[in-house]
Amino acid sequence: WDATQAFFDHYLMGLDNGFERRSPVEIFVMSDNTWRFEAGWPPARAVDTAFYLQGDSGLGTALAGDEAPDSFVYDPANPVTDTLDSDIWAAIASLADRRAIEQRDDVLVYSSAVLDDDIEITGLITAELHAASSAVDTDFTVTLVDVFEDGYAHLIQHGIVRTSAIEPGRVQAYSIDLWSTSHVIKRGHRIRVEVSSSRFNEFDRNLNSGDPQG
């Protein structure tokens, strides 16, 4: 099916090829490796599900109680470089195991228990991060990961926010857009969330000074 050809055949050539009766949304469900038609986006049957960062690097659907904050030291001279020297326009071809990144001291890692059933994530993904920085300006990054049974850590989606002119030490809430996806995390896998402050060179390093970049 060539959607572009069918569109022009119908609306310019007047051909009755059924294009106007076609579902308006077509998605590829990753991991299930199948195409699916939907009436809208996100699908009306999608249900928002909250996962919470928990103590001891956990991730689950239960809201954790009062716990000590997790922290890391971000050094602009040593940013996370998972996109360095890669063609970000062809990112799918360069996805790699993220375990080496997750071993860095400046990356916080939170993992769910092993899944008893498949979980499909289809629709919009948003992270709400409550954080403070000792600097007057910084970035926060959140990455959603599918962890295979052998430990392979596969990128699903990621997002970043620039705080801009903050009060050092003051906790604020940041809404981070991880965009959209359609991905099935299989039974026996785990869901993982990474939190850090850089993704270079896809995004400029924040020098934490508050001065103009460059």
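Is Ala 127 buried or exposed, and what is its relative accessible area? In this predicted model, Ala 127 is buried, because its relative accessible area is 16%, which falls under the 20% limit for that class.

## Overall architecture

The chain holds 2 helices and 10 strands, and these elements follow one another along the sequence in the order α-β-β-β-β-α-β-β-β-β-β-β. Along its principal axes, the C-alpha trace spans about 65 × 45 × 30 Å.

Of the 214 residues of the chain, 38% count as buried. Among contacts between residues at least 6 apart in sequence, 70% join residues at least 24 apart.

## The nonpolar core

In soluble globular proteins, nonpolar side chains tend to be buried together. The largest nonpolar core of this model has 22 residues, and the members that touch the most others are Phe 140, Val 142, Leu 144, Ile 176, Leu 178 and Val 195. At least two residues of this core come from each of β5 (108-111), β6 (119-131), β7 (139-147), β8 (153-162), β9 (172-185) and β10 (190-196), and β6 gives the most, with 5 residues.

Leu 144 illustrates how such a core member is surrounded. When residues up to four places away in sequence are not counted, Leu 144 touches Ile 121 and Ile 125, the run His 154, Leu 155, Ile 156 and Gln 157, then Leu 178, and finally Ile 191, Arg 192 and Val 193.

## Two buried positions on strands

Ala 127, the residue of the opening question, lies in strand β6. Leaving aside its neighbours within four places in sequence, Ala 127 is in contact with Val 142, Tyr 174, Ser 175, Ile 176 and Leu 178; of these, Val 142, Ile 176 and Leu 178 are named among the core residues that touch the most other members. The C-alpha atoms of Ala 127 and Ile 160 are separated by 9.8 Å, with their positions 33 residues apart along the chain counted as their separation.

Gln 157 sits in strand β8, and it counts as buried because its relative accessibility is 18%, again under the 20% limit. A polar atom of the Gln 157 side chain lies 2.5 Å from the backbone oxygen of Ser 180. Not counting residues up to four places away in sequence, Gln 157 touches Ile 125, Val 142, Thr 143, Leu 144, Leu 178, Trp 179, Ser 180 and Thr 181, a list that includes both Leu 144 and the Ser 180 just mentioned.

## Cavities

Rolling a probe the size of a water molecule over the atoms shows where empty space is left. The structure holds 2 cavities of 30 Å³ or more, and about 80 Å³ of space lies in the largest. Of the 14 residues that line this largest cavity, Arg 98, Thr 141, Thr 143, Glu 194 and Ser 198 are the closest to its centre. The elements that give two or more residues to the lining are β7, β8 and β10, with the largest share, 3 residues, coming from β7. By class, the lining of the largest cavity has 4 nonpolar, 6 polar and 4 charged residues.

The second largest cavity has a volume of about 30 Å³. Its lining consists of Asp 137 together with Asn 206, Leu 207, Asn 208, Ser 209, Gly 210, Asp 211, Pro 212 and Gln 213, and by class this lining has 2 nonpolar, 5 polar and 2 charged residues.

## Two exposed positions outside the strands

Val 47 is placed in the loop between β2 (34-38) and β3 (52-54). Val 47 counts as exposed because its relative accessibility is 68%, over the 50% limit for that class. From C-alpha to C-alpha, Val 47 and Glu 194 are 23 Å apart in space, and they are 147 residues apart in sequence; Glu 194 is one of the residues closest to the centre of the largest cavity.

Asp 204 is found in the segment after β10, and with 52% relative accessibility it counts as exposed. Not counting residues up to four places away in sequence, Asp 204 touches Asp 139, Arg 162 and Gln 213, and Gln 213 also belongs to the lining of the second largest cavity. Although Asp 204 and Pro 76 are 128 residues apart along the chain, their C-alpha atoms are separated by 9.8 Å.

How values were computed
Residues are numbered from 1 along each chain as its sequence is written. Side-chain values use heavy atoms; hydrogens and water are left out. A nonpolar core is a set of buried Ala, Val, Leu, Ile, Met, Phe, Trp, Tyr and Cys residues joined through side-chain atoms within 4.5 Å. Buried means under 20% relative accessible area, exposed over 50%, partly exposed in between (1.4 Å probe, protein chains only). Helices (H or I, at least four residues) and strands (E, at least two) are DSSP runs, numbered from the N terminus. Contact means heavy atoms within 4.5 Å. On a 1 Å grid over the protein atoms alone, a cavity is a set of points where a 1.4 Å probe fits but cannot get out, and a pocket is an open set with protein on both sides within 12 Å along at least five of seven lines; lining residues have an atom within 4 Å of a point. Grid points are joined across faces, edges and corners, and a volume is the space filled by probe spheres set on the points. Ala, Val, Leu, Ile, Met, Phe, Trp, Tyr, Cys and Pro count as nonpolar, Asp, Glu, Lys and Arg as charged, and the others, Gly among them, as polar. A polar contact is a pair of N or O atoms within 3.5 Å; within protein, one must be able to donate a hydrogen and the other to accept it, and residues adjacent in sequence count only if both atoms are side-chain atoms.
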